[in-house]
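Student: I would like a close look at a single part of this model, followed outward into its surroundings. Please take it slowly and keep the links between the parts in view.

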Amino acid sequence: ALACGCPIVTSRGSAMEEIAGDDATYVDPTSVESIREGIASAHPPTPRKVATWPDVAARTRAVYEEVA
């Protein structure tokens, strides 16, 4: 969803905080009111550069070659 520019609403205290950072709206998953407010205030994330599989493969290979 982040890569597609969709607004993200997710639970506070989850692993998503590490992934989405400031680009998500965080809510109390046990509070209907918190979820409602989160949905109402969600905003599109900042555009991110998405790595291609060839880029990832080349970087991975470079690491293996460096440590070999």
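Student: Which backbone nitrogen does the side chain of D23 reach, and at what distance?

Tutor: The model is a predicted one, and what follows should be read with that in mind. The side chain of D23 reaches the backbone nitrogen of T46, at 3.1 Å. D23 itself is placed in the loop between α1, residues 16-20, and β2, residues 24-27. D23 counts as buried, because its relative accessibility is 11% and the cut-off for buried is under 20%. Once residues up to four places away in sequence are set aside, D23 touches L2, H43, P45, T46 and R48. T46, whose backbone nitrogen the side chain of D23 reaches, is therefore one of several residues that D23 touches outside its own stretch of sequence.

H43 is a useful partner to follow next, since D23 and H43 are in contact. H43 has its place in the loop between α2 and α3, the latter covering residues 53-67. Whereas D23 is buried at 11% relative accessibility, H43 counts as partly exposed, at 33%. Beyond its neighbours within four places in sequence, H43 is in contact with P7, I8, D22, D23, A24 and T25. Among these partners of H43 are A24 and T25, both of them buried residues of β2. V27 is also on that strand, yet the C-alpha atoms of H43 and V27, which are 16 residues apart along the chain, are separated by 14 Å.

The strand β2 comes directly after the loop that holds D23. Both of its faces are covered, with A24 and Y26 buried on one side and T25 and V27 buried on the other. β2 pairs with β1, residues 8-11, in the parallel sense and over 4 bridges. Within that pairing, I8 stands opposite A24 of β2. I8 also touches A1, L2, M16, A24, T25 and H43, again not counting residues up to four places away in sequence, and H43 is thus a partner of I8 as well as of D23.

Two of these strand residues, I8 and A24, belong to the largest nonpolar core, which has 5 residues in all and also includes L2, A20 and Y26. L2 links the core back to the starting point, as it is among the residues that D23 touches.

At the start of the chain, A1 lies in the segment before β1 and counts as exposed, at 57% relative accessibility. A1 touches C6 and I8 when residues up to four places away in sequence are left out. The C-alpha atoms of A1 and D22, 21 residues apart along the chain, are separated by 14 Å. C6, one of the partners of A1, counts as partly exposed at 36% relative accessibility. The structure holds 0 disulfides. C6 is in no disulfide, and its nearest cysteine sulfur, that of C4, is 5.5 Å away, so the pair falls outside the 2.5 Å that a disulfide requires. C4 is exposed, with a relative accessible area of 66%.

On the far side of β2, V27 leads to another helix. S34 is in contact with R12, V27 and D28, leaving aside its neighbours within four places in sequence. S34 lies in helix α2, which covers residues 32-41, and S34 is buried, with a relative accessible area of 15%.

For the setting as a whole, the protein chain has 3 helices and 2 strands, and from the N terminus on its elements run β-α-β-α-α. Buried residues make up 18% of its 68 residues, and D23 is one of the residues that count as buried. The protein chain has a radius of gyration of 17 Å, where a compact globule of 68 residues would have one near 11 Å. Along its principal axes, the C-alpha trace spans about 55 × 20 × 15 Å. Of the contacts with a separation of 6 or more, 29% are between residues 24 or more positions apart.

Conventions: Residues numbered from 1 in each chain as written. Predicted model: local features only at pLDDT ≥ 70, side-chain atom pairs only at ≥ 80, totals over all residues. Heavy atoms only, no water. Buried < 20%, exposed > 50% of the residue type's maximum accessible area, 1.4 Å probe, protein only. Contact = heavy atoms within 4.5 Å. Polar contact = N/O pair within 3.5 Å; in protein donor to acceptor, adjacent residues only side chain to side chain. Core = buried A, V, L, I, M, F, W, Y, C linked by side-chain atoms within 4.5 Å. Pairing = 2+ DSSP bridges. Rg over C-alpha atoms; globule rule 2.2 N^0.38 Å.
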